[in-house]
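Colleague: I'm still finding my feet with protein structures. Could you pick a single part of this one and walk me through it slowly?

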Amino acid sequence: MREFFADMDLMLVDEDGVPVASGWGVPIRWDGRPASLPSGYTEALVRAVEGHEQGVAPDTLVICGAIVTPSLKGRGLAGETLMALRAAAKEAGWDRVIAPVRPTAKARYPLTPIETYMHWAREDGSSLDPWIRTHERLGATLLSAAPASQTMTGTVAEWERWTGLVFPESGDYVVPEGLALLHIDRESDEGVYREPNVWMRHC
């Protein structure tokens, strides 16, 4: 991805040239219909790489992430990074900008389906979720849920090491910072975690 889409791998620096935030995305071809969206983050990456290799002309930027230096959070740098990615898409001539948004506060409600959570709002009408709200403030709108945006698998021992928990029997478990439940199958020695995202459209 860095080789194919380096122009969409951006770094925000302060007045002294020190990196303070970064953002990246990949271009795909998309017809604008929610029904034809990638299933989420992972499929967007696959579609971008395969499209590039097949010579398919993209028309849509998928924002894959925006990360701010932890000590500088709350200063609007994430929004600036998203705006820079939108500007890069416009300069490239792409008509649309979308994002599989990872709702950061969803970890507090791992039992709630993403289809329900994505519509929860505060009294002022803005999203209950702070990261969805950041996108909303920039004019982005909800498109659809992506209930399996990323799927992560591992052995039971690996999941116990990653989470610091013990899984004595098969079943579904709440895990630290998980947006959904982890399913453990001890017979097959496998744990599967499907992380939900929310598709949003910027332009």
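**A close look at helix α4**

Modeller: Let's settle on helix α4, which covers residues 130–137. Its buried residues are Trp-131, Ile-132, Arg-133, Thr-134 and His-135. Keep in mind that this is a predicted model.

What covers those buried residues? The cover of the buried residues of α4 includes strand β3 (60–68), helix α2 (77–92) and the strands β4 (96–101), β5 (141–154) and β8 (190–201). Try finding each of them on your screen, going by the residue numbers.

Now go to the ends of the helix. At the N-terminal end of α4, Asp-129 acts as a cap: one of its side-chain oxygens sits 3.0 Å from the backbone nitrogen of Trp-131. On the other side, just after α4, you'll meet Gly-139, whose phi is positive, at about 100°.

Gly-139 also leads us to a neighbour from another part of the chain, His-202. You'll find His-202 in the segment after β8. Is His-202 buried or exposed? Its relative accessible area is 7%, and since anything under 20% counts as buried, His-202 is buried. Setting aside residues up to four places away in sequence, His-202 touches Ile-63, Arg-86, Val-97, His-135, Leu-138, Gly-139 and Ala-140. You've already met His-135 as one of the buried residues of α4. With Arg-86 there is also a polar contact, where the two side chains come to 3.0 Å.

While we're here, have a look at helix α2, part of the cover over α4. Thr-81 belongs to α2, and with a relative accessible area of 4% it is buried. Apart from its neighbours within four places in sequence, Thr-81 is in contact with Leu-12, Ala-21, Ser-22, Gly-23 and Ala-66. You can also check a distance: the C-alpha atoms of Thr-81 and Ile-67 are 8.4 Å apart, and these residues are 14 places from each other along the chain.

For a contrast, hop over to two loops. Glu-177 is in the loop between β6 (171–173) and β7 (182–185), and it counts as exposed, at 63% relative accessibility. Its phi is positive, about 65°, although Glu-177 isn't a glycine. Asp-189 sits in the loop between β7 and β8. Asp-189 isn't a glycine either, yet its phi is positive too, at about 55°. With a relative accessible area of 40%, Asp-189 is partly exposed.

Finally, zoom out. The chain has five helices and eight strands, and from the N terminus they run β-β-α-β-α-β-α-α-β-α-β-β-β. Of its 203 residues, 43% count as buried. If you take contacts between residues at least 6 apart in sequence, 66% of them join residues at least 24 apart. A compact globule of 203 residues would have a radius of gyration near 17 Å, and the chain's 18 Å agrees with that. Along the principal axes, the C-alpha atoms fill a box of roughly 55 × 45 × 35 Å. As for charge, there are 19 positive and 29 negative side chains, with the centres of the two sets 6 Å apart.

Definitions and conventions:
Residues are numbered from 1 along each chain as its sequence is written. This is a predicted model: local features need pLDDT of at least 70, side-chain atom pairs count only at pLDDT 80 or more; totals for chains, interfaces and linings use all residues. Side-chain values use heavy atoms; hydrogens and water are left out. Helices (H or I, at least four residues) and strands (E, at least two) are DSSP runs, numbered from the N terminus. The radius of gyration is taken over C-alpha atoms; the globule rule is 2.2 Å times the number of residues to the power 0.38. Buried means under 20% relative accessible area, exposed over 50%, partly exposed in between (1.4 Å probe, protein chains only). Contact means heavy atoms within 4.5 Å. Lys and Arg count as positive and Asp and Glu as negative; His and the chain ends are not counted. The place of a charge is taken as NZ of Lys, CZ of Arg, CG of Asp or CD of Glu. A polar contact is a pair of N or O atoms within 3.5 Å; within protein, one must be able to donate a hydrogen and the other to accept it, and residues adjacent in sequence count only if both atoms are side-chain atoms.
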